[in-house]
Amino acid sequence: MKTGYLIDMDGVIYRENQLIPGAADFVRALSASGTPFLFLTNNSAPTPQDLAVRLEHLGIAGLSARHFYTSAQNTADFLSETDPGCTAFVLGEGGLHTALHERRIANDAIQPRYVVVGEGASTTEKLGRAHECIERGARLLATNPDNWCPVSSEKTRPGAGATAAYLEASTGRRAYYLGKPNGYMFHRARRKLVEITLSEPEQVIMIGDTMETDIRGAVEAGMQSFLVLSGSTQLEVVGDYVYQPTRVLQSVGDLTDEVMTGRESDRRDSPVFTQGSSQLPRSGQRHQTDVLALHKPRPRPAMTK
Ligand SMILES: [Mg+2]
């Protein structure tokens, strides 16, 4: 069966400027076997070219802008498809400005149709301007719902979801969130995967490390989803979620042989589980209020919704 992969980056390919062991071989196997793949990220700050350069510095060469799809591109696609010729006041970085420019969406700080919030630090002055634009009728849109993003294992920074929440509070208007887990991100990414490979994979699998974005979005878009434990999610919390991944893997390195041989493993579990089935989340213990879950610290919400 011809399989295509949508692959999250942070926590799947690298973490804190370090490649995850096995990730480079996995990407090489994808290229060598002609397997369709596309990197999918909620980070709207970098351009696809920036991401290709970043991976090259980390040791994965031979990628170009067409191998990436960001939430900034997803937002620009959404606006150009639903409201061609619209204008926007933008709070964001180069990746978002470039994506909107490529879709001919003009910057407008006077009477924009939309206020678009992306990743990156903003100033009080720009937030004030965005607030005024929304009060005058501009619609509020965010590239992704992440409230915070990891900087290192010890450190996080506020994400686009937090900036959008600020404007939701000040204006009383609700934002619309593109990026994962919005189904529009997954449908558009699947379409791009077909366009760049000039073939229709029989199945598309999302690989990610975050339950709320990667796995939830894939489930809602009707795709298979593989959770890797090399990033933000620990095995013991997986059972807390209503939606579940198709497979749980230690890292993308677990898939390299399958990609090279083209033979899908007949096991739906992972080598992770052979280390002791006692680690498996048992069904019936999935609810947050279950007694056994009470010892767990309640995590900060990754998204506003
Ligand atoms: Mg991730």
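Two strands pair if DSSP finds at least two bridges between them. Helices (H or I, at least four residues) and strands (E, at least two) are DSSP runs, numbered from the N terminus. The model is predicted: local features need pLDDT of at least 70, side-chain atom pairs count only at pLDDT 80 or more, and totals for chains, interfaces and linings use all residues. Residue numbers start from 1 along each chain as its sequence is written.

**Exercise 1.** Describe how strand β8 is paired with strand β9 and how the chain gets from one to the other.

*Solution.* Step 1: locate β8 at residues 114–117 and β9 at residues 139–142. Step 2: 4 bridges pair these strands, in the parallel sense. Step 3: take one bridge, in which Tyr-114 has Arg-139 of β9 as its partner. Step 4: follow the chain from β8 through helix α5 (residues 124–135) to β9; this β-α-β crossover is right-handed (with the strands pointing away from the viewer, the path from the first strand over the helix to the second runs clockwise).

**Exercise 2.** Find the partner of Leu-141 in strand β12.

*Solution.* Step 1: β12 covers residues 176–177 and runs parallel to β9, with 2 bridges joining them. Step 2: Tyr-176 of β12 stands opposite Leu-141.

**Exercise 3.** State how many residues of strand β1 are buried, and describe its pairing with β13 and β4.

*Solution.* Step 1: of the 5 residues in β1 (residues 3–7), 4 are buried, meaning that 20 or more other C-beta atoms, placed from the backbone, lie within 10 Å of the residue's own. Step 2: β1 pairs with β13 (residues 203–208) in the parallel sense over 5 bridges, and Thr-3 stands opposite Gln-203. Step 3: β1 is also parallel to β4 (residues 37–41), joined by 3 bridges, and Leu-6 has Leu-38 as its bridge partner there.

Notes. Buried ≥ 20, exposed ≤ 12 C-beta atoms within 10 Å, placed from the backbone.
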